Amino acid sequence: MKTGMIGLGAMGIGMARNIAKAGYLTGIYNRTAAKAQSLAEELNVTAFDSPAQLAANVDIVLLCVSADRDVLEVVSAIAEAVKPGTIVVDMSTVGSDTAKQAAAILARKHAAFLDAPVSGGVEGAKNGTLAMMVGGSLAVLEQIRPVLETMTRCIMHMGPTGSGQATKAVNQVMAAGINQAVTEALAFAKAQNLTLDKVIEVISGGAAGNWFLQHRGPTMTQGTFAPGFKLALHHKDLIICQNMAAQSGASTTLVDMTIADYERLMAEGYGDEDISALYRLKTVDSD
Ligand code: NAP
């Protein structure tokens, strides 16, 4: 199974390394070519000049780019050269409608499409322990499962095209709430003059313990907000959630609040920081 990977950002680079380690990676493409060239040398694979060139030379195309328009741009470029029977897997976080549009573009070229967004952060991408939620044909998923398993700890087939992205939207709503809870609680702890590393350690071992507290608590309380998961990307995801909720009538209290907070931070120039930069607003408020 010759596999190509498009998008070597914070997530894609770890994914590519794990696919290469298992011996499946044929080549890579990145819009900023220098990133692809140095990784290609490291992994001893081909750096392709375009998504179309990559698609023409592999059986499986994986992509992990930023937002909806980027996925559609890359999928349209792939469609120019894709061979019939190729399987394209999008691991970016985008809307369900975008997944359906991408699947339709590729179906016209007799290529299959899976929406397969992931959760687990850059650590999960690096360590091959991502959780992956997949929409599309189960038979297609089973065909390429060994490749996807190089990046994941858990793969769940959710249903037809778009249901992987709908599940990821659930995850993003929850992530907004957890971010609000952890940043507010740790700002509260600071205001109580508690020793923050002790607070994080003891609470991580109890009922309120969670991944975000354990991994981002120590850095946010030291004023370090390197991504991680860029705040502007989570903002993009929450707009997707807000639009989906508007169609179904679901509640969006946490989503609306977090979008407003992120917009304040983005206006102050913090959009490229980790989502834990929300702590900046909570500590300003509590000082
Ligand atoms: P990132 O570090 O900003 O990287 C984005 C990648 O996409 C870069 O390689 C970028 O190329 C490429 N790209 C963007 N637009 C493109 C276009 N129009 N054509 C071709 N390439 C394009 O983002 P990331 O953190 O890896 O996230 C990627 C996706 O995974 C996003 O949808 C995000 O929501 C999702 N995600 C992220 C995390 C996380 O913790 N970071 C976790 C789960 C899911 P350049 O190098 O040229 O800019």
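Helices (H or I, at least four residues) and strands (E, at least two) are DSSP runs, numbered from the N terminus. With that in mind, select Gly228, which lies in the loop between helix H10 (211–220) and H11. This is a predicted model, in which local features need pLDDT of at least 70 and side-chain atom pairs count only at pLDDT 80 or more, while totals for chains, interfaces and linings use all residues. Residues are numbered from 1 along each chain as its sequence is written, and side-chain values use heavy atoms, with hydrogens and water left out.

Stay at Gly228 and add Pro227, since the peptide bond that joins the two is cis, with omega about 15 degrees. Next, select His110 in the loop between H5 and strand E6 (112–115), where this residue, although not a glycine, has a positive phi of about 60 degrees. Most residues other than glycine have a negative phi, and most peptide bonds are trans.

Now select the ligand and its shell of 27 residues (a residue is near if one of its heavy atoms lies within 4 Å). Ala10, Asn30, Thr32, Lys35 and Ser66 come nearest. For polar contacts with the ligand (pairs of N or O atoms within 3.5 Å), begin with the side chain of Asn30, which has an N or O atom 2.7 Å from a ligand oxygen. The side chain of Lys230 places an N or O atom 2.9 Å from an oxygen of the ligand, and a polar backbone atom of Thr93 is 3.0 Å from a ligand oxygen. Taken alone the ligand exposes 910 Å², of which the protein buries 92% (areas by the Shrake-Rupley method with a 1.4 Å probe). Helix H4 (68–79), helix H6 (121–127) and helix H11 (231–248) each give two or more residues to this shell.

Finally, move to the second largest pocket, which is lined by Asp68, Gly95, Ser96, Asp97, Thr98, Lys100, Ile240, Asn243, Met244 and Gln247. A pocket is an open set of points on a 1 Å grid over the protein atoms alone, where a 1.4 Å probe fits, with protein on both sides within 12 Å along at least five of seven lines; lining residues have an atom within 4 Å of a point. To follow its lining, colour helix H5 (96–107) and H11, the elements that give two or more residues to it.

Note on methods: A polar contact is a pair of N or O atoms within 3.5 Å; within protein, one must be able to donate a hydrogen and the other to accept it, and residues adjacent in sequence count only if both atoms are side-chain atoms.
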